[in-house]
Amino acid sequence: MDTSPDLLVRVTGRASLEAYARSSYRALRLVLAYAVLTGCALGMALPFLWLLSTSLKVEGTEFVFPPQWLPQPVRWQNYPDALHVVPYLAYARNTLVITVAATTGTLVTASLAAFGFARVRFPGRNLLFILLLSTLMLPDAVTLVPKYILFSRLHWINTYLPLTVPAWFGGGAFNVFLLRQFFMTVPYDLDEAARIDGAGNFRIYWSVLLPLSKPALSAVAIFSIQYNWNDFLNPLIYLNQQQYFTLALGLQFFQSEYGTQWTLMMAAAVMMILPMVVLFFAAQRFFIQGIQLTGLAGR
Amino acid sequence: MAQGTLVTTARRRRTWSATRWRDTRDGYLFILPWLLGFVIWTAGPMIASIAIAFTDWRIVTVPHFVGLANFAALFQDPRIRVSLFNTTFYVVFGVPTHLIFALAAALLLNQRRRGIAIYRTLFYLPYITPLVASSLLWLWIFNTNFGLANWLLSLFRLPAIYWLEDPRVVKISFIIMSWWTIGGQMVILLAGLQSIPEHLYDAASIDGANRWQRFWHVTFPLLTPSLFFNLTLALIGAFQVFVQAYVITGGGPEDASLFYVLYLYRVAFQNFDMGYASAIAWLLFVVVLIVTLTQFRFANRWVFYEAELKR
């Protein structure tokens with residue numbers, strides 16, 4: 001005889017009512033969860049959507065109230081036009097040069113320092129590491145003036161040196177800290193095995209630790225690319241001839257004494273944001289993993 | 001036999017100290033770029049800026065020693081008072097709301113659901129937008145006549161607000177703007193949430209804890225280190241708010257959005273009064289130091305470290 005609960009349910013019909021209630025409750029919760037998620041995400045995306053919408057409007061139609069969400073007609077020409085109103089491509093090239101030079105320096109020197117702090121025993125190490133952590137708490141604004149004086153004495157104003165050379169000296173305390181935390185999680189057995197094979201410290205850094213640290217290195221690379229691509233204050237101080245300007249500085253030139261060209265400015269902004277969005281999409285898996293494993297999350 | 005042992009011990013001691021010597025040399029070589037950078041771009045400038053604060057240096061002129069005149073001027077300068085007030089307002093109301101929204105977003109996005117990665121990216125998107133670009137966008141959103149903000153108000157039949165022109169409102173507008181950049185903190189909190197072991201929730205459920213109790217007794221305590229880390233960096237960041245004010249209002253109206261670093265920028269790079277600017281910078285350093293130390297002092301009242309339980 002078949003006495004499975006299934007049959008009992010079919011006979012009595014009671015449990016199936018419960019099951020029905022349970023499944024409809026679950027469906028309700030699912031709908032509710034997605035409704036909340038979508039509502040909040042829409043709120044977060046609203047400014048960006050408006051940016052996109054404005055960037056495709058014909059000049060004049062952006063001043064319609066209430067605002068039109070769908071541009072009518074759509075004007076793609078804003079994008080090529082934005083490239084010519086300001087020397088956009090030159091700004092983009094300048095920004096790229098700075099970003100690549102600074103990010104390379106950050107990756108090289110921050111990982112070297114992180115390896116020293118994580119893997120090599122030397123007197124004074126803990127004290128120096130505490131010093132490094134304390135610089136995290138130091139507002140950058142404090143060193144703004146003496147750094148400017150130093151760079152102007154070196155005749156580095158209107159060059160990219162003030163924006164790139166410091167990155168080759170440690171690459172920022174935050175990045176050293178992040179990589180050091182990551183290196184701490186790599187098992188020591190690997191070092192020992194390499195040491196038995198006669199590898200020195202540098203060899204272990206290069207052929208053991210670095211290949212294993214791709215998630216953390218990509219997190220640092222993304223932080224550094226973003227920082228340099230978006231930085232405003234430092235280019236503002238050190239670059240004051242238009243031919244050296246970065247995108248962040250150049251964007252302002254859509255505002256003039258004759259008024260602001262909103263549609264073109266928004267098109268230029270979209271073009272400045274786009275590379276960062278693509279980068280984040282491409283690397284987000286590494287990125288979140290990198291943060292997770294470094295103990296930044298507090299454990 | 002005895003001699004043999006002695007030789008081995010001696011050799012072992014020698015090789016041990018050779019390793020140690022080599023490690024010391026290598027260690028310092030590894031950190032050398034950072035150490036040089038620290039001396040040249042952090043420690044050196046900090047010491048230099050104390051010295052500069054005692055002079056009337058204006059880049060093109062020869063500096064003269066002026067004693068404490070720059071520090072005395074700090075207390076006479078009404079703009080110092082205004083900008084300190086504006087910045088404090090921004091910190092006191094901006095940082096906590098920002099952190100609460102970041103936590104709420106992290107909790108919301110810490111679900112295992114189909115397509116959650118897309119939602120996470122949408123929440124993160126405004127954070128990777130360059131501050132200049134988003135500032136220009138907000139200038140447009142807060143436009144009195146054609147802006148999105150007043151359009152939303154009009155949907156609820158509320159009167160238009162002068163977001164950027166009203167001195168009473170402008171600081172609040174800047175705080176509202178900052179709510180769209182919770183992405184960075186959200187990611188760190190999300191990583192923290194995901195590293196809370198599942199079995200703790202199971203254990204709490206078996207003990208009969210409901211959702212709310214599980215949040216207060218499991219999630220929140222284990223997340224406090226991440227919250228503390230975020231709070232520390234957010235405070236330091238908020239004290240230095242600059243780009244938004246520079247681009248959007250230039251400090252106006254009536255200095256109502258003149259934040260501290262914006263004023264520092266004006267004194268240093270528009271008036272080129274480097275002596276006074278250094279004094280201004282040092283006041284900021286002291287204020288931030290006091291706030292950070294206070295925050296660290298109270299940390300043990302609310303931050304929970306697992307390691308402490310094991311002791």
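Here is a chat between a trainee and a mentor about this predicted two-chain model.

Trainee: Before I trust anything, where in chain A is confidence lowest and where is it highest?
Mentor: Start with the whole chain: chain A averages a pLDDT of 86, and 90% of its residues score at least 70. Within chain A, the high end is helix H7 (residues 161-164), at 96. The low end, at a mean of 53, is helix H1 (residues 5-12) of chain A.

Trainee: Now chain B. How many helices and strands does chain B have?
Mentor: Reading along the sequence, you get the pattern α-α-α-α-α-α-α-α-α-α-α-α-α-α. That leaves a count for chain B of 14 helices and zero strands.

Trainee: What is the radius of gyration of chain B, set against a compact globule of 311 residues?
Mentor: Look at the extents to begin with: the C-alpha trace of chain B spans about 100 × 70 × 35 Å along its principal axes. Buried residues make up 38% of the 311 in this chain. A compact globule of that length would come out near 19 Å, but chain B has 27 Å.

Trainee: How is chain B divided into domains, and how far apart do the C-alpha centres of those domains lie?
Mentor: The assignment for chain B gives domain 1 (1-53) and domain 2 (69-310). Four residues of domain 1 of chain B are in contact with seven residues of domain 2 of chain B. On the domain 1 side, that contact has three nonpolar, one polar and no charged residues. The C-alpha centres of the two domains of chain B lie 40 Å apart.

Trainee: And for chain A, which classes make up the side of domain 1 that touches domain 2?
Mentor: Here the domains are domain 1 (5-55) and domain 2 (78-293), with C-alpha centres 42 Å apart. The contact takes four residues from domain 1 of chain A and seven residues from domain 2 of chain A. By class, the domain 1 side has two nonpolar, two polar and no charged residues.

Trainee: Moving to the interface between the chains, which helix of chain A gives the most to the side that touches chain B?
Mentor: The contact takes 75 residues from chain A and 76 residues from chain B. Several helices of chain A each supply at least two residues to it, including helix H2 (14-55), helix H11 (214-230) and helix H14 (262-293). By class, the chain A side has 55 nonpolar, 14 polar and six charged residues. The top contributor, with 13 residues, is H14(A).

Trainee: Which helix supplies the largest share of the largest nonpolar core?
Mentor: That core has 146 residues, and those with the most contacts inside it include Val220(A), Leu251(A), Leu136(B) and Leu264(B). Its largest share, twelve residues, comes from helix H4 (residues 88-119) of chain A.

Trainee: You mentioned Leu136(B). Which residues does Leu136(B) touch?
Mentor: Leu136(B) is one of the buried residues of H5(B). That helix (residues 131-141) is mostly covered, with ten of its eleven residues buried. Leaving out residues up to four places away in sequence, Leu136(B) touches Leu251(A), Met265(A), Ala269(A) and Val247(B).

Trainee: Any backbone oddities? Which peptide bond of chain B is cis, from Gly252(B) to what?
Mentor: Most peptide bonds are trans, so a cis one is worth a look. Chain A has one from Gln72(A) to Pro73(A), with omega near -5°, and Pro73(A) lies in the loop between H2 and helix H3 (78-85) of chain A. In chain B, the loop between helix H11 (243-248) and helix H12 (260-269) holds the proline. With omega near -10°, the cis bond from Gly252(B) leads to Pro253(B).

Trainee: Why does Arg157(B) count as exposed?
Mentor: Arg157(B) lies in the loop between helix H6 (148-155) and helix H7 (170-178) of chain B, and has a positive phi of about 55° although it is not a glycine. A residue is exposed if 12 or fewer other C-beta atoms lie within 10 Å of its own. Arg157(B) counts as exposed because its number of C-beta neighbours inside 10 Å is 6.

Trainee: Is Asn158(A) buried, partly exposed or exposed?
Mentor: Asn158(A) lies in the loop between H6 and H7 of chain A, and has a positive phi of about 65° although it is not a glycine. Buried takes 20 or more other C-beta atoms within 10 Å, and exposed takes 12 or fewer. Asn158(A) has 13 within 10 Å, so the label is partly exposed.

Methods. Residues are numbered from 1 along each chain as its sequence is written. Chains are lettered from A and ligands numbered from 1 in the order in which they are written. This is a predicted model: local features need pLDDT of at least 70, side-chain atom pairs count only at pLDDT 80 or more; totals for chains, interfaces and linings use all residues. pLDDT is the predictor's confidence in each residue, from 0 to 100. Helices (H or I, at least four residues) and strands (E, at least two) are DSSP runs, numbered from the N terminus. The radius of gyration is taken over C-alpha atoms; the globule rule is 2.2 Å times the number of residues to the power 0.38. A nonpolar core is a set of buried Ala, Val, Leu, Ile, Met, Phe, Trp, Tyr and Cys residues joined through C-beta atoms within 7 Å. Two residues are in contact if their C-beta atoms, placed from the backbone, lie within 7 Å. Ala, Val, Leu, Ile, Met, Phe, Trp, Tyr, Cys and Pro count as nonpolar, Asp, Glu, Lys and Arg as charged, and the others, Gly among them, as polar. Domain bounds come from an automatic or database domain assignment.
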